[in-house]
Amino acid sequence: MSAVLALAGVARTYPDVPPVKALHPTSLVISEGEYVSVTGPSGSGKSTLLNLLGLLDLPTSGSYRVGGVETVGGSQALRNAIRGQLFGFVFQAFHLLPGRTAVENVELGMAYGPHRRKARRRLAVDALERMGLAHRMHADPSRMSGGERQRVAIARAVAGHPRVLFCDEPTGNLDSGNTSNVLALLRELNADGLTLVVVTHDADVAAEADRCLRVVDGSVSA
Ligand SMILES: Nc1ncnc2c1ncn2[C@@H]1O[C@H](COP(=O)(O)OP(=O)(O)OP(=O)(O)O)[C@@H](O)[C@H]1O
Ligand SMILES: [Mg+2]
């Protein structure tokens, strides 16, 4: 299955009082291997767009095909399977579990993917080594630095070899040194063929991408 992402007329309105039109009808294709950034003011709809692309949320209307397969109107099981096999996620707040070691956190990230238990440990170790964390593998993330935690989060997101990595403010909590480390890692992953979609407030982070999307008041433009 390919991992081309194709939104056609996708909109999202949150059922608040009054309803919030967070994303106006949007049509957009992200090809395999692309490095795309998404910028825009706070509240403009960036996370809404990312959550829809990542199958973490469903549009109110429109069609969303992943590798040609329609995901809107299909079963939740189909969306879960696509997400588990093709997608990885990195968020600003890391979402690492305390009380588990770094390598356990990375293994847990593959729980819904295609890899068997034994393979998961090896993949987790590989990913942490790649992020320069071989020496912190058995540490609790709550005792790691912000930059280290973000690298564990990236290791967790990419350990199972997803095809698309979605990042929401991946450098939001990092200083400039750690930001450049994370950017170098993302660039390397993209060079290996991973599709990247990166939401960011930071113009320098956005400029790393090959294609920049801008979201203003729920409208996406190139
Ligand atoms: N679950 C929700 N229910 C109702 N409204 C929501 C919900 N989530 C987001 N919104 C609203 O939808 C709009 C878009 O929100 P979104 O989180 O996509 O913005 P954003 O561009 O990611 O902002 P930020 O840069 O601050 O993260 C905002 O007006 C927000 O208040
Ligand atoms: Mg957001």
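In this predicted model, Leu52 counts as buried because 26 C-beta neighbours lie inside 10 Å, where 20 or more are required for that description. Leu52 has its place in helix H1, and, when residues up to four places away in sequence are left out of account, Leu52 touches Val10, Arg12, Asp57, Pro59 and Tyr64. Although Leu52 and Ala11 are separated by 41 residues in sequence, the distance between the two in space, from C-alpha to C-alpha, is 9.4 Å.

The helix that holds Leu52 lies across three strands, namely E1 (5–14), E2 and E4, and H1 runs at about 125 degrees to E1. These strands belong to an open sheet of four, arranged in the order E2-E1-E4-E5 with antiparallel pairing. At the edges of the sheet stand E2 and E5 (69–70), each of which pairs on one side only. Between E4, which covers residues 61–66, and E5 there are two bridges, and the two strands run antiparallel; Val66 stands opposite Val69, a residue of E5.

Helix H1 and strand E2 also take part in the surroundings of ligand 1, since H1 (46–53) and E2 (20–30) each supply at least two residues of the shell. The largest contribution comes from H1, which gives three residues. The shell as a whole consists of Tyr14, Asp16, Val20, Ala22, Gly40, Ser42, Gly43, Ser44, Gly45, Lys46, Ser47 and Thr48, and by character these residues divide into seven polar, three nonpolar and two charged.

Key. Residues numbered from 1 in each chain as written. Chains lettered and ligands numbered in written order. Predicted model: local features only at pLDDT ≥ 70, side-chain atom pairs only at ≥ 80, totals over all residues. Near = placed C-beta within 6 Å. Nonpolar A, V, L, I, M, F, W, Y, C, P; charged D, E, K, R; others polar. Pairing = 2+ DSSP bridges. Contact = placed C-beta atoms within 7 Å. Axes fitted to C-alpha atoms, helices over the stretch in contact; angles between N-to-C directions. Buried ≥ 20, exposed ≤ 12 C-beta atoms within 10 Å, placed from the backbone.
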